[in-house]
Amino acid sequence: MNSKGKAYEGYLLQFKENGDCFFLNENNGSYSCDVYEVRPEICKKYPSNLRQQEVCALNKGKLFS
């Protein structure tokens, strides 16, 4: 059960304190995924809901502006 009392199955994405994905690496402004080749299904489907899409859109704006 999660904190709101709803059951869920599968994996959850883990994030660093700053909101970045746990496996995201930054090197001089370049970003890469440590586990891209073997990433789990949840990563392949991300962003899969409206909130995730909003977060991605916000972060893409930071990268490409």
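Which residue in E2 does Glu26 stand opposite? In this predicted model, the residue facing Glu26 is Tyr31. The two belong to a hairpin, and that hairpin is a handy place to start. Strand E1 covers residues 24–27 and strand E2 covers residues 30–33, and the two run antiparallel, paired over four bridges. Just two residues lie between the strands, and in this hairpin Asn28 adopts a positive phi, near 55°. As a general point, side chains in a regular strand alternate between the two faces of the sheet.

Next come the aromatic rings. The structure has one aromatic pair. It is made by Phe22 and Phe23, whose ring centres are 5.3 Å apart; their planes meet at 85°, so the pair is edge-to-face, given that anything over 60 degrees falls in that class. How buried or exposed are these two residues? Phe22 has a relative accessible area of 43%, which makes it partly exposed. Phe23 comes out at 32% and is likewise counted as partly exposed. Another ring, that of Tyr36, has a charge for company: the charged end of Arg39 sits over it, 3.9 Å from the ring centre.

On to the cysteines. How many disulfides does the structure hold? The count is zero. Cys21 takes part in no disulfide, and the nearest cysteine sulfur to it, belonging to Cys43, is 5.6 Å away. Seen from the other side, Cys43 is also in no disulfide, with the sulfur of Cys21 as its nearest cysteine sulfur at 5.6 Å. Why does this pair not count? A disulfide calls for sulfur atoms within 2.5 Å, and the sulfurs of Cys21 and Cys43 are 5.6 Å apart. As for accessibility, Cys21 is partly exposed at 25%, and Cys43 is partly exposed too, with a relative accessible area of 21%. The cut-off for buried is under 20%, so the 21% of Cys43 leaves that residue in the partly exposed class.

Gln52 falls on the other side of that cut-off. This residue is part of helix H2, which spans residues 50–64. With a relative accessibility of 18%, Gln52 counts as buried, because buried means under 20%. What does Gln52 touch, once residues up to four places away in sequence are set aside? Its contacts are Tyr46 and Pro47.

Methods
Residues are numbered from 1 along each chain as its sequence is written. This is a predicted model: local features need pLDDT of at least 70, side-chain atom pairs count only at pLDDT 80 or more; totals for chains, interfaces and linings use all residues. Side-chain values use heavy atoms; hydrogens and water are left out. Rings of Phe, Tyr and Trp (its six-membered ring) pair if their centres lie within 6.5 Å; planes under 30 degrees apart count as stacked, over 60 as edge-to-face and the rest as tilted. Buried means under 20% relative accessible area, exposed over 50%, partly exposed in between (1.4 Å probe, protein chains only). A charge sits over a ring if NZ of Lys or CZ of Arg is within 6 Å of the ring centre and within 35 degrees of the ring normal. Contact means heavy atoms within 4.5 Å. Two strands pair if DSSP finds at least two bridges between them.
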